[in-house]
Amino acid sequence: MRLSDHDHAEIDRRLAAHDAFLRARYPGERAGRQPVHTVYTPADRLAGFRDWGTIALSTMDRHDFPWPDPAVRDKLAREPIEDLRVDFEDGYGVRDDDQEDAAVREAVAILLDGPRPPFLGLRIKSLEAATRRRALRTLDLFLDSCPGEVNVTLPKVSGPAQVEAMVTVCEKLERSPGALTFEIQVELPSAVLAANGTATVAELITAAQGRCTGLHYGTYDYSAAAGVAAAYQSMEHPVADYAKAVMQAAAAQTGVRLSDGSTNILPVGGRDDVHAAWQLHHRLVRRSLERGFYQGWDLHPAQLPSRYAATFAFFRDGRDAAVTRLERYLDRQDSGILDEPATARALAGYLLRGLDCGALTDAGLPRERLLELM
């Protein structure tokens, strides 16, 4: 052997800083359940969120939902909304301070009174100069009154300086060190590509110092800012696919989760209009899932049936093949596919997601075994 213990130690020393960087910057997938969607509800209309399941079921019955599934109906009756955001930004608009203060207190009272979705939080206004003080005041009031874990969504982020400022705010408002985190909405091209040609979104994750839990793509703000005509703004427009591909590369193995945006074609009106909107939404949800975006936004109760129908079908369609590949990987059996440990982790993660959302009741392997593979 030509390499001595001294040589090995020297290489370890040279790479020690990089090893530490990799552990900090790329810790791997975040543990725990990721919701399949986020529902944004304007703060002054928050009380209606508890009716979303009932409205979704009645719309299914009235318009002959094309993908009948008892599991979807059960989901809508039991847990129609997985992740709720009280919206103080675009959905709420600009009000005077007394009015928004009152809306914050009323929203917290509604959330504290009765059942709540598994995940909840608020979207504040942006940290741009015109709305900065109001955004921070709303966040301060909300956190002061609402106990428990709260997801904070920071919209219209344009650069790392805003994220660094948000980190400072979190340090001042959190009840215990490191407890307050936030999501970044990618709604501006400058949040994807910087003036010097670098990927801004990677810099945003770094600037968050471990506090960023998610990147949410904003379909319509981003498309409009990129110059796409209103009629062609869509989750599947090439500018959207480019932005999301950069987001995906920047977030990989960082523990930062991804969410696709929304479609504003709503299932309302006559039967033909409702079915056309359902077909579109179902296809777009499936498209996002196939591209590794396991979460999206829903804007209307009638979008929930197509959200869950597409999501449940995605996990059920691949369940048997995923189980077979994992079993062969664990048994080291010969097969037509040679899977790597990384693929085994992806297969286990796929099955766990199916269990978490209710698409699967049996993942073929015990949950504990799947977690061990992650």
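Me: How many of the 5 residues of strand β3 are buried?

Reply: This is a predicted model, and a residue counts as buried when its relative accessible area is under 20%. In strand β3, residues 119-123, 4 of the 5 residues are buried, so the strand is largely enclosed by the rest of the structure.

Me: Which way do β2 and β3 run, and how many bridges join them?

Reply: Pairing is read from the bridges between two strands; at least two are needed. Strand β2 covers residues 83-87, and 5 bridges join β2 to β3. The two strands run parallel. For a single position to look at, find R85, which stands opposite G121 in β3.

Me: What helices and strands does the protein have, and how compact is the protein?

Reply: Count the elements, then set the radius of gyration against a rule for chain length. There are 13 helices and 8 strands. The radius of gyration is 22 Å, close to the 21 Å given by the globule rule for 374 residues, so the protein is as compact as a globular protein of that length. For the extents, the C-alpha trace spans about 75 × 50 × 45 Å along the principal axes.

Me: What share of the residues is buried, and what share of the contacts joins residues 24 or more positions apart?

Reply: Burial is a count over residues, whereas contact separation is counted along the chain. Of the 374 residues, 48% are buried. Among contacts with a separation of 6 or more, 78% are between residues 24 or more positions apart.

Me: What does the protein expose, and how are its charges placed?

Reply: Take the area and the atoms that supply it, then compare the centres of the two charge sets. The protein exposes about 18000 Å², with 52% of that supplied by carbon and sulfur atoms. It carries 44 positive and 54 negative side chains, and the centres of these sets lie 1 Å apart.

Me: Where does T343 lie, and what is its relative accessibility?

Reply: Partly exposed covers the range between the buried limit of 20% and the exposed limit of 50%. T343 is in helix α12, residues 341-357. Its relative accessibility is 27%, so T343 counts as partly exposed. The C-alpha atoms of T343 and D44 are separated by 45 Å, with these positions 299 residues apart along the chain.

Me: Where is G178, and how is its accessible area classed?

Reply: Read a loop residue the same way: locate it, then check its area. G178 lies in the loop between α6 (160-173) and β5 (182-186). With a relative accessible area of 49%, G178 is partly exposed. V285 is 107 residues from G178 along the chain, and their C-alpha atoms are separated by 33 Å.

Methods:
Residues are numbered from 1 along each chain as its sequence is written. This is a predicted model: local features need pLDDT of at least 70, side-chain atom pairs count only at pLDDT 80 or more; totals for chains, interfaces and linings use all residues. Side-chain values use heavy atoms; hydrogens and water are left out. Helices (H or I, at least four residues) and strands (E, at least two) are DSSP runs, numbered from the N terminus. The radius of gyration is taken over C-alpha atoms; the globule rule is 2.2 Å times the number of residues to the power 0.38. Buried means under 20% relative accessible area, exposed over 50%, partly exposed in between (1.4 Å probe, protein chains only). Contact means heavy atoms within 4.5 Å. Accessible areas come from the Shrake-Rupley method with a 1.4 Å probe; for residues, only the protein chains shown count as cover. Lys and Arg count as positive and Asp and Glu as negative; His and the chain ends are not counted. The place of a charge is taken as NZ of Lys, CZ of Arg, CG of Asp or CD of Glu.
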